[in-house]
Amino acid sequence: MYDFIVVGAGPAGSRFARGAAERDRDVLVFEQGEIGRPLACSGHVSTDIWDYVPDSAHDELFQNEIYGARFHVGGPETDGEAFYKHESISNAIDRVGLDKTLARTAVEAGADVRDHHTVTAVRERHDHVAVVVKGPSGTETHKARMVVGCDGPRSRVRSECDLPQPGEFLHGVLGFDSTPDHQDFVDVHLSVPKFFAWRIPRGDAGVEYGLAVAPSASVPDRFSAFCDAYGVDVSHRCSGAIPIGPPRRVTGRRSLLIGDAAAQTKPFTGGGILYGMRAADHAAREIDPEQPGTLGDYERAWRDDLSNEIRLGHWVRRAYSLPTPIQSLGLQALSGEIGVHMDRPSTLFSREQMRTLLSQSNR
Ligand SMILES: Cc1cc2nc3c(=O)[nH]c(=O)nc-3n(C[C@H](O)[C@H](O)[C@H](O)COP(=O)(O)OP(=O)(O)OC[C@H]3O[C@@H](n4cnc5c(N)ncnc54)[C@H](O)[C@@H]3O)c2cc1C
């Protein structure tokens with residue numbers, strides 16, 4: 001019997017598998033397709049990402065350095081207010097490459113990672129879990145002490161184990177223009193209901209255009225209108241769900257969720273790569289597969305680390321729905337150099353941010 005069966009080899013699953021295998025747990029990972037594909041993510045992350053991959057992966061994954069964002073209250077025809085730092089805030093990276101790198105580190109740590117295997121059912125018993133998997137050689141059932149649902153926003157493990165759903169899903173869509181662009185600012189357009197549209201320069205990899213809104217039939221048309229306003233014809237369109245939460249519980253009797261399956265995302269950007277990996281580290285450290293009671297330690301640890309940031313992230317997101325004149329005034333008043341960290345809305349209230357605001361008001 002395995003210690004853990006991990007469902008999904010995205011960032012959360014591979015990071016957990018690596019951490020657990022490094023602690024000498026027997027770990028089996030199932031990924032339904034090719035690792036990293038299909039792409040449904042911007043791969044726009046804070047520079048913290050480099051703490052999670054080997055140094056040797058930097059050049060392969062890095063696409064562009066970002067120093068700030070221009071916030072627009074409308075489309076590309078409106079002027080943007082710039083928020084920036086003098087050092088790099090974030091990077092655009094190769095997201096497919098990231099997933100492959102993280103899966104490789106899990107294998108190197110001793111995890112058994114099997115792609116093209118789809119988990120179709122999970123049964124929690126009093127002393128084990130049984131996981132049914134469809135692979136190239138047919139349907140198999142594997143046993144483990146615990147099942148770890150890292151299977152993304154529409155998690156199968158979550159529904160099989162009767163765990164609560166996230167409160168909200170957004171529909172994110174993106175596409176690419178292949179013209180190289182090495183600018184160091186992203187553009188954020190508060191021009192869609194309750195969220196935003198974006199333009200991300202990705203160096204030699206071109207430019208990405210995207211938006212996220214509540215799911216509806218009009219999402220593709222909104223996206224086309226946004227690209228038309230920029231005068232670009234994008235290719236490789238893709239889309240995915242963004243869960244906003246978190247739910248009140250992400251652990252069962254012998255089951256746990258990590259990453260998008262647990263809605264461990266930033267409500268004001270939809271980003272979940274780093275929150276999911278931080279939660280994965282808590283899970284690998286806290287959970288002893290022979291002691292189901294330690295699932296509670298994981299719940300406590302990840303919530304201690306992230307729930308305050310997620311709560312503040314919900315507050316930041318409320319500003320996207322303010323009337324346009326108020327948004328304009330607010331952006332004008334606050335624009336300029338900032339001292340915030342993009343994964344930590346709490347830094348909006350930090351001493352560094354206050355100092356930066358004061359020094360601007362004294363200019
Ligand atoms: C349009 C868009 C843009 C985004 N941009 C960013 C961004 O710039 N920065 C950022 O931080 N986040 C971004 N995100 C969010 C980010 O993609 C997710 O938070 C992140 O991928 C979550 O990682 P994960 O490992 O939890 O889940 P996933 O990356 O979704 O991985 C889940 C894996 O499980 C596999 N799987 C699913 N079901 C099964 C099954 N039954 N059996 C076996 N395998 C299964 C899937 O194939 C997948 O590989 C974006 C999301 C969208 C939709």
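In this predicted model, strand 14 (residues 195–201) and strand 15 (residues 207–213) run antiparallel and pair over five bridges. Within this pair, A197 stands opposite L211 of strand 15. Both strands belong to an open sheet of eight strands. Its order is 16-12-15-14-13-5-6-18, and the pairing is mixed. Strand 16 and strand 18 (336–337) form the edges, each pairing on one side only. Strands of a sheet pair through backbone hydrogen bonds, in either the parallel or the antiparallel sense.

A parallel pairing is found between strand 1 (residues 2–7) and strand 2, over four bridges. Here V6 has V29 of strand 2 as its bridge partner. Strand 2 spans residues 27–30 and is covered on both faces. V27 and V29 are buried on one side, and L28 and F30 are buried on the other.

The ligand lies between two domains, because both give residues to the shell around it. Domain 1 comprises 1–43 + 94–167 + 245–321. Domain 2 comprises 65–90 + 168–244 + 322–363. Around the ligand there are 33 residues, of which E31, H44, R95, V119 and D260 come nearest. By class, the shell holds 14 nonpolar, 15 polar and four charged residues.

Several secondary-structure elements supply at least two shell residues each. They are helix 1 (11–22), strand 3 (44–46), strand 9 (118–124), strand 12 (168–177) and strand 16 (235–244). Strand 16 gives the most, with three residues. This strand is also an edge of the eight-stranded sheet.

Polar atoms of the protein approach the ligand at several points. A polar backbone atom of S42 is 3.1 Å from a nitrogen atom of the ligand. For H44, a backbone N or O atom lies 2.9 Å from a ligand oxygen atom. The side chain of D260 places an N or O atom 2.7 Å from an oxygen atom of the ligand. On its own, the ligand has 1000 Å² of accessible area, and the protein covers 89% of that area.

R95, one of the residues that come nearest to the ligand, lies in helix 3 (residues 95–109). Its relative accessible area is 15%, so R95 counts as buried; the cut-off is under 20%. The side chain of R95 also makes a polar contact with the side chain of D99, at 2.8 Å.

Terms used
Residues numbered from 1 in each chain as written. Predicted model: local features only at pLDDT ≥ 70, side-chain atom pairs only at ≥ 80, totals over all residues. Heavy atoms only, no water. Near = heavy atom within 4 Å. Polar contact = N/O pair within 3.5 Å; in protein donor to acceptor, adjacent residues only side chain to side chain. Areas by Shrake-Rupley, 256 points an atom, 1.4 Å probe, with all protein chains shown as cover. Nonpolar A, V, L, I, M, F, W, Y, C, P; charged D, E, K, R; others polar. Domains from an automatic or database assignment. Buried < 20%, exposed > 50% of the residue type's maximum accessible area, 1.4 Å probe, protein only. Pairing = 2+ DSSP bridges.
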